[in-house]
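This briefing concerns the protein shown below. Its topics are charged side chains, a contact within a helix, and the surface.

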Amino acid sequence: MLEGKKTYIIAAMILLSVFVERGLGIDVPGIEISDNWGLVVMNALGLGTPA
């Protein structure tokens, strides 16, 4: 059913959580976005690697 699309769903969920936490300023319980949120976005898009 979701063959090959699970990775994109997870990436979208990460991007949405960063947008809600940092963009809108709404605190989402259970999600902690560090001060370096740009790295989180890059990792969700597959463009960065953790240092």
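Glu21 (E21) is part of helix α1, which spans residues 6-23. The model is predicted. E21 is buried and yet forms no salt bridge. The overall fold comprises two helices and zero strands.

**E21 and its surroundings**
- The nearest side chain of opposite charge to E21 is that of R22, at a distance of 5.7 Å.
- Because a salt bridge requires a nitrogen of Lys or Arg within 4 Å of a carboxyl oxygen, the 5.7 Å separation of E21 and R22 does not qualify.
- With residues up to four places away in sequence set aside, E21 touches I26, D27, V28, I31 and I33.

**The salt bridge**
- Side chains of opposite charge can pair when their charged atoms come close.
- The count for this model is one salt bridge.
- That salt bridge joins the side chains of D35 and R22, with an N to O distance of 3.7 Å.
- The pair links distant parts of the chain, 13 residues apart: D35 belongs to the loop between α1 and α2 (37-45), whereas R22 belongs to helix α1.
- D35 is exposed, its relative accessible area being 71%.
- R22 is partly exposed, with a relative accessible area of 37%.

**S17 in helix α1**
- S17 is also located in helix α1.
- A relative accessible area of 14% places S17 among the buried residues, because the limit for that class is under 20%.
- A polar atom of the S17 side chain lies 2.7 Å from the backbone oxygen of I14.
- Beyond residues up to four places away in sequence, S17 touches I31 and I33; these two residues are also among the contacts of E21.

**Surface and overall dimensions**
- A nonpolar patch on the surface is formed by M1, L2, I9, I10, M13 and I14, which together have about 630 Å² of accessible area.
- Within this patch, I10 is found in helix α1 and is partly exposed, at a relative accessible area of 48%.
- I14 thus has two roles in this description: its side chain belongs to the nonpolar patch, and its backbone oxygen lies 2.7 Å from a polar side-chain atom of S17.
- The accessible surface of the protein amounts to about 4200 Å², and carbon and sulfur atoms account for 66% of that area.
- Of the 51 residues in the protein, 16% are buried.
- Along the principal axes, the C-alpha atoms fill a box of roughly 35 × 25 × 15 Å.

How values were computed: Residues are numbered from 1 along each chain as its sequence is written. This is a predicted model: local features need pLDDT of at least 70, side-chain atom pairs count only at pLDDT 80 or more; totals for chains, interfaces and linings use all residues. Side-chain values use heavy atoms; hydrogens and water are left out. Helices (H or I, at least four residues) and strands (E, at least two) are DSSP runs, numbered from the N terminus. Buried means under 20% relative accessible area, exposed over 50%, partly exposed in between (1.4 Å probe, protein chains only). Lys and Arg count as positive and Asp and Glu as negative; His and the chain ends are not counted. Contact means heavy atoms within 4.5 Å. Accessible areas come from the Shrake-Rupley method with a 1.4 Å probe; for residues, only the protein chains shown count as cover. Patches are made of residues with over 30% relative accessible area and no salt bridge: like charges are joined within 9 Å, nonpolar side chains (Val, Leu, Ile, Met, Phe, Trp, Tyr) within 5 Å. A polar contact is a pair of N or O atoms within 3.5 Å; within protein, one must be able to donate a hydrogen and the other to accept it, and residues adjacent in sequence count only if both atoms are side-chain atoms.
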